[in-house]
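Student: Please choose one part of this model and take me through it closely, strand by strand if that suits it. After that, I would like to follow the side-chain pairings beyond it.

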Amino acid sequence: NGQIDNSFTLTFPEAGYSAVPLAFQTDGKLLIKAGKKIYRYFSSGTPDSTFGTAGFFELTHLVSWYVGIFVLEDDNFIVYGSGVTDEDDNDFVLLKFLKDGAPDTTFGNNGKVVFDFNPQNDDDINITYSMSRFSDGKLLVGGSIYNNGFKAGLLKLHENGTIDSTFANNGSLLAGYLSSAECYKTIITPDDKILFAGYTINSYPNYNGLVARLNSDGSPDTAFGDAGKVLLPGVWEHTTLALKGDRILYGGYKPHPDTFYAYIGGLHYDGTPDQTFGPTGIFTFNKPSKARQIIMPDENTAIVSGHYTYSNDLKIVGRFLLSPIISGTLWSENQQPEILIYPNPVSDLLHVKFEGIDQENIRVSIVDMAGREWYRHQHTVINQLVDISLNNGIPSGCYMLNITNGNKILALKIYKQ
């Protein structure tokens with residue numbers, strides 16, 4: 001319900017480090033990376049002294065930013081990042097551990113995989129951002145490769161850490177799309193296709209948000225968008241991606257005078273815009289912010305996290321009801337109308353969209369939890385969009401949106417930011 005769980009009390013031993021990233025094992029234990037150490041905690045927040053040495057172990061061969069933890073089905077896990085190798089070159093580095101923190105020496109070279117997309121160039125930088133798993137257990141690592149410009153880089157591995165040479169160019173793929181590109185988030189779809197999000201650019205500052213879909217062998221999936229890609233001009237970059245059922249959500253940030261605004265957009269599985277999401281398939285936070293992660297508990301709900309750029313503090317940006325469809329209770333059985341309400345939470349303008357209604361006199365009201373009515377209006381609805389301004393003194397909080405047709409009332413909870 002969004003309330004802080006006071007039963008969770010974690011005392012973090014490392015001063016001066018941010019506790020990221022986080023990952024959960026199937027028994028609820030929490031893995032945290034800080035500096036060059038991995039810690040494990042019980043779900044209560046107390047340290048697990050059985051893990052590693054007294055609850056933690058120190059990473060070797062990995063000096064990096066943008067490091068993640070990927071937990072496998074058996075609770076073994078892989079730490080992935082951009083490491084400085086013996087050649088003083090930043091490469092993709094993956095370190096696999098058993099669930100108790102001991103190295104898994106059966107993976108790669110004694111528990112470690114190091115990969116350089118341009119081994120002939122010691123000055124390139126290989127940065128990992130994301131990791132995913134195919135249904136057959138093979139692994140996909142996504143990131144960005146810098147060598148006189150950025151390219152999106154994908155690497156496919158067998159479960160044991162050896163390179164899958166059947167993928168793209170002997171196991172790896174470099175893609176520039178328009179010219180330069182980066183990959184920030186990868187997802188493996190239920191049919192084992194590859195979705196990834198990032199950006200592509202012809203020339204600075206003409207950025208395009210990028211969502212691309214590839215077949216499992218690395219070839220473009222031409223059934224998706226325009227020859228396997230969907231571009232969104234005018235934004236800075238897609239930093240996150242989520243998939244639930246046939247619904248794809250992407251998020252990131254776009255330029256606004258002197259700052260950035262976060263946005264969330266929706267696509268159908270074939271890459272066409274999902275016009276039921278937001279006013280035109282995309283929703284923008286009208287505050288200085290950046291969207292960093294999307295979690296979809298189901299097809300109609302998304303939880304978005306990120307930060308406000310002025311403070312750079314991590315905050316929950318919003319919880320959305322995606323196209324909440326309310327039908328069949330206010331009208332006769334031979335009608336199948338839809339009511340779509342967005343965004344939720346809402347900061348200023350709430351959109352109520354009526355579809356499939358011939359003509360109805362509908363009363364819309366907004367009531368707080370104490371029963372005080374803040375808004376009431378009678379609408380003659382013929383397939384129209386009703387915009388309700390919440391800037392007329394309505395304070396932040398929880399409200400009931402009541403839609404009345406004759407003697408029938410439909411109530412939906414909304415949140416005013």
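**A close look at one open sheet**

Tutor: Let's take the open sheet in which 4 strands follow one another in the order β1-β2-β3-β4, with antiparallel pairing. Strands here are DSSP runs of E with at least two residues, numbered from the N terminus, and two of them pair if DSSP finds at least two bridges between them. The model is a predicted one, so local features need pLDDT of at least 70 and side-chain atom pairs count only at pLDDT 80 or more, while totals for chains, interfaces and linings use all residues. Residues are numbered from 1 along each chain as its sequence is written, and side-chain values use heavy atoms, with hydrogens and water left out.

Back to the sheet: β1 (22–24) and β4 (56–58) stand at its edges with a single partner strand each, so one side of each has no neighbour in the sheet. From one strand to the next, the twist averages 20 degrees, taken between lines fitted to C-alpha atoms, with angles running from 0 to 180 degrees between N-to-C directions.

Now follow the chain through the first hairpin. β1 and β2 run antiparallel and are joined by 3 bridges, with Phe24 standing opposite Leu30 in β2. The hairpin of these two strands has 5 residues between them, and Gly28 takes a positive phi near 90 degrees there.

The next hairpin takes us from β2 to β3. β2 (residues 30–34) pairs with β3 (residues 37–41) over 5 bridges, again in the antiparallel sense. Along this pairing, Leu31 faces Arg40 in β3, and Ala34 stands opposite Lys37 in β3. With 2 residues between the strands, this hairpin has Gly35 at a positive phi near 60 degrees.

β2 deserves a pause of its own. In a regular strand, side chains alternate between the two faces of the sheet. Leu30, Ile32 and Ala34 point one way from β2, and Leu31 and Lys33 point the other way. The strand is mostly covered, with 5 of its 5 residues buried; buried means under 20% relative accessible area, exposed over 50%, and partly exposed in between, using a 1.4 Å probe and protein chains only.

Arg40, which we met opposite Leu31, also belongs to a network of salt bridges with Lys29 and Asp48. A salt bridge here puts a side-chain nitrogen of Lys or Arg within 4 Å of a carboxyl oxygen of Asp or Glu.

From the edge strand β4 there is a link to another strand. Among the 17 aromatic pairs in the structure, Phe57 and Phe97 make a tilted one, 4.5 Å centre to centre with 40 degrees between the planes. Phe57 lies in β4 and Phe97 in β7 (residues 90–97), so the pair ties together parts that are 40 residues apart in sequence. Both Phe57 and Phe97 are buried. Rings of Phe, Tyr and Trp (its six-membered ring) pair if their centres lie within 6.5 Å, and planes under 30 degrees apart count as stacked, over 60 as edge-to-face and the rest as tilted. Beyond this sheet, one aromatic cluster is formed by Tyr129, Tyr184, Tyr199, Tyr207, Trp236, Tyr253 and Phe260.

The charged pairs are worth following too, and the count comes to 11 salt bridges. One of them joins Asp164 and Lys138, whose closest N and O atoms are 3.2 Å apart. This pair links distant parts of the chain, 26 residues apart: Asp164 is in the loop between β11 (150–157) and β12 (172–175), and Lys138 is in the loop between β9 and β10. Lys138 counts as buried at 19% relative accessibility, and Asp164 is buried as well. Leaving aside neighbours within four places in sequence, Lys138 has contacts (heavy atoms within 4.5 Å) that include Lys156, His158 and Glu159.

Two other salt bridges round this off. Arg213 and Asp221 have their closest N and O atoms 2.6 Å apart, and both residues are buried. In the bridge between Glu373 and Arg376, the closest N and O atoms are 2.8 Å apart. Here Glu373 counts as partly exposed at 36% relative accessibility, and Arg376 is partly exposed with a relative accessible area of 48%.
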